[in-house]
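User: I am new to this structure. Please take one close look at its side chains and the places where they sit, in plain words.

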Amino acid sequence: MTKRIFRSICLVALTVFVASVFLIMGLLYEYFSDAMQAQLKMQTDLAAQGVTNEGISYFHDLKVTNYRISLIDMNGNVLYDSASDIAKMGNHLEREEIQQAIIKGYGESRRYSATLTERSLYCAQKLDDGTILRLSISQRSIFTLLLGMVQPVCIVFLIALVLSIVLAKQVSQKIVKPINEIDLDNPLSNEEYDELSPFLRRIDSQQKQMRAQKAELAQKSDELDTIIGSMNEGMILLNSKGKIISINSAAKKLLDAGNDCIGSDMLSLCRNLELQDVLAKALHGEQGQNSIKLHGESYQIDADPIVSENIVKGTALFLFNVTEKEKAEQIRREFTANVSHELKTPLHSISGYAELLKNDMVKEADKIPFAGKIYEEAGRMIQLVEDIISLSHLDEGAGDMQWENTDLYTLADKAVQSLEPQANAACVTLALSGVPAVINGIPQLLYSIVYNLCDNAIKYNHENGSVMVTIENENNKVVLSVQDTGIGIAPEHQERIFERFYRVDKSHSKAVGGTGLGLSIVKHAAKIHNAKIEIKSLVGKGSTVIVTFPK
Ligand code: ADP
């Protein structure tokens, strides 16, 4: 801008200078022409007097250098000319100054010569004898005048040029300085130029708009960062060259990456072949999926190409922890195998006994015990199927069961009463102590918790042992504990006994009518009630299972 203003000022100054030179020259030229013409008139008067007194002989000794003198008769014929041969000269009657002199007695004119480099001034005076005396003088044209003044004009031009450069520089800097000093952060605080006010107001409103948009964008970006950052799934964004442009904390943790991993190659972070495979696919525009093992857990990798205008601009990588899912699938598979196996054994027994009876291969005295065995195995199967049904019902969340305020003590009393015959048969004393404790829950499930725990405490007890069921009512929780003096559970089994079909001693469990599902049902039912299960056991001394229900 400074340069532009500087150039403009210089240009204007020089234009004014050149125009002034021409104007002044023109004016001076006219002024001097008039002066010359007046002098020429005077000279013409003097010469006219000479010619009137002396006749044509006046010209004989006349020495004229600057002027040209001509004498022309009334018909326009040149009688004398100081510059040319009169024989070669044409008729001068039509000359303007001659015409004027014939009519008015005096005439004058100014004419350019053919080359335009010279102009002639003419004065003509009619003498008493009718002849006309004409004096003329050459005057250089304005251009030749200028040419003659080239040197001084150039000097003045140079001085003007230097002056205009210096002044133009100062002026342009002075004009631009306030513009350069505008505080764009506070556009409205600048008052130097009124003409800039609309422009500054516009900047101010645009800045406000931009600040609002920036704040909105920052908020959205924060929200997105928070969402991505708090995701349990790993998320990585890669550019088209496979370099990391964004990575959330879950992914960093999984791949043991630091904060400096942005911009580094994904494959330098994780050299896993499956990952390389899906990444290569995604970078070619194909969706890829695979599973990998990281830190001993299973992860599913999803790689989605980010395509814009048919060009792969990058890849979004997602890492999902599928360990639980795989475990659940494995449990389901094992469960099916276990169920088939558990059902097969009693079925084989039933089928064997029935076959012997059918073929009449059993002694009369053994028939009743055989029928008893069939009944016992059928009972085991029924128990097993009932447990499976309960468990699958719990797996589905037991959503159809009614929640109500239930007194756990009353339920425990009912369970204890119904298990009394088994306890007596096993020579185990069963007792209940505690206080009424109301919790909100599903009565059937709460009953099955107490029932299964008491059942186990009787089944895995010693002869003449005891089972003590206690219900305690604390501030914000109800504690059910079932303590027995039984065989106890070794520490390595304590966690596993809640797995489906897990038994510490399979034959003992079967001998006492166990299905291996009782504690799984307890675990699920407790989970539905947000209850916590704790087990304290010593082999040979007995076990205590404590279930804590929130109120
Ligand atoms: P089961 O039908 O075999 O009793 P559970 O799921 O109820 O199945 O129990 C799993 C295993 O845990 C049992 O087989 C048994 O070995 C062990 N167990 C459960 N409760 C007790 C207890 N009170 N004392 C000793 N062992 C127990």
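Analyst: A residue counts as buried when its relative accessible area is under 20%, as exposed when that area is over 50%, and as partly exposed in between. The model discussed here is a predicted one.

By that scale Cys154, with a relative accessible area of 39%, is partly exposed. For a disulfide, two cysteine sulfur atoms must lie within 2.5 Å of each other. The number of disulfides found by this rule is zero. Cys154 is in no disulfide, and the nearest cysteine sulfur, that of Cys10, is 18 Å away. Cys427 can be read in a similar way: its closest cysteine sulfur belongs to Cys454 and is 18 Å off, which is too far for a bond. The relative accessibility of Cys427 is 34%, so this residue is partly exposed.

The aromatic side chains come next. A pair of aromatic rings is described by the distance of the centres and the angle of the planes. The structure contains eight aromatic pairs. One of them joins Phe17 and Phe157, with 5.6 Å from centre to centre and 50° between the planes, which makes the pair tilted. Because Phe17 sits in helix α1 (residues 2-54) and Phe157 in helix α4 (residues 150-180), this pair ties together parts that are 140 residues apart in sequence. Phe17 is buried at 14% relative accessibility, whereas Phe157 is partly exposed at 30%.

Another pair is made by Tyr353 and Phe370, whose ring centres are 5.0 Å apart and whose planes meet at 70°, so it is edge-to-face. Here helix α9 (residues 323-358) provides Tyr353 and helix α10 (residues 364-395) provides Phe370, and the two residues are 17 apart along the chain. Tyr353 has a relative accessible area of 21%, so it counts as partly exposed, while Phe370, at 18%, counts as buried. Elsewhere, Tyr58, Phe59 and Tyr80 make up one aromatic cluster.

The ligand gives a further set of neighbours. There are 20 residues around the ligand, and Asn456, Tyr460, Ser509, Thr515 and Gly516 come nearest. Asn456 has a side-chain N or O atom 2.8 Å from an oxygen atom of the ligand. A nitrogen atom of the ligand is 2.9 Å from a polar side-chain atom of Asp484. With Leu519 the partner is a polar backbone atom, which lies 2.8 Å from a ligand oxygen atom. On its own the ligand exposes 530 Å², of which the protein buries 96%. Two or more residues of the shell come from each of α12 (443-459) and α15 (518-528). The largest share, three residues, is that of α12. Sorted by class, the shell is made of nine nonpolar, eight polar and three charged residues.

Two residues in loops complete the picture. Ala398 has a phi near 50°, a positive value in a residue other than glycine. Ala398 is found in the loop that runs between α10 and β11 (404-407), and it is buried, with a relative accessible area of 3%. Asn530, also not a glycine, has a positive phi as well, near 60°. Its loop lies between α15 and β16 (532-538). With a relative accessible area of 63%, Asn530 is exposed.

Definitions and conventions:
Residues numbered from 1 in each chain as written. Predicted model: local features only at pLDDT ≥ 70, side-chain atom pairs only at ≥ 80, totals over all residues. Heavy atoms only, no water. Buried < 20%, exposed > 50% of the residue type's maximum accessible area, 1.4 Å probe, protein only. Near = heavy atom within 4 Å. Polar contact = N/O pair within 3.5 Å; in protein donor to acceptor, adjacent residues only side chain to side chain. Areas by Shrake-Rupley, 256 points an atom, 1.4 Å probe, with all protein chains shown as cover. Helix = DSSP H or I, 4+ residues; strand = E, 2+ residues; numbered from the N terminus. Nonpolar A, V, L, I, M, F, W, Y, C, P; charged D, E, K, R; others polar. Phe/Tyr/Trp six-rings, centres within 6.5 Å; stacked < 30°, edge-to-face > 60°.
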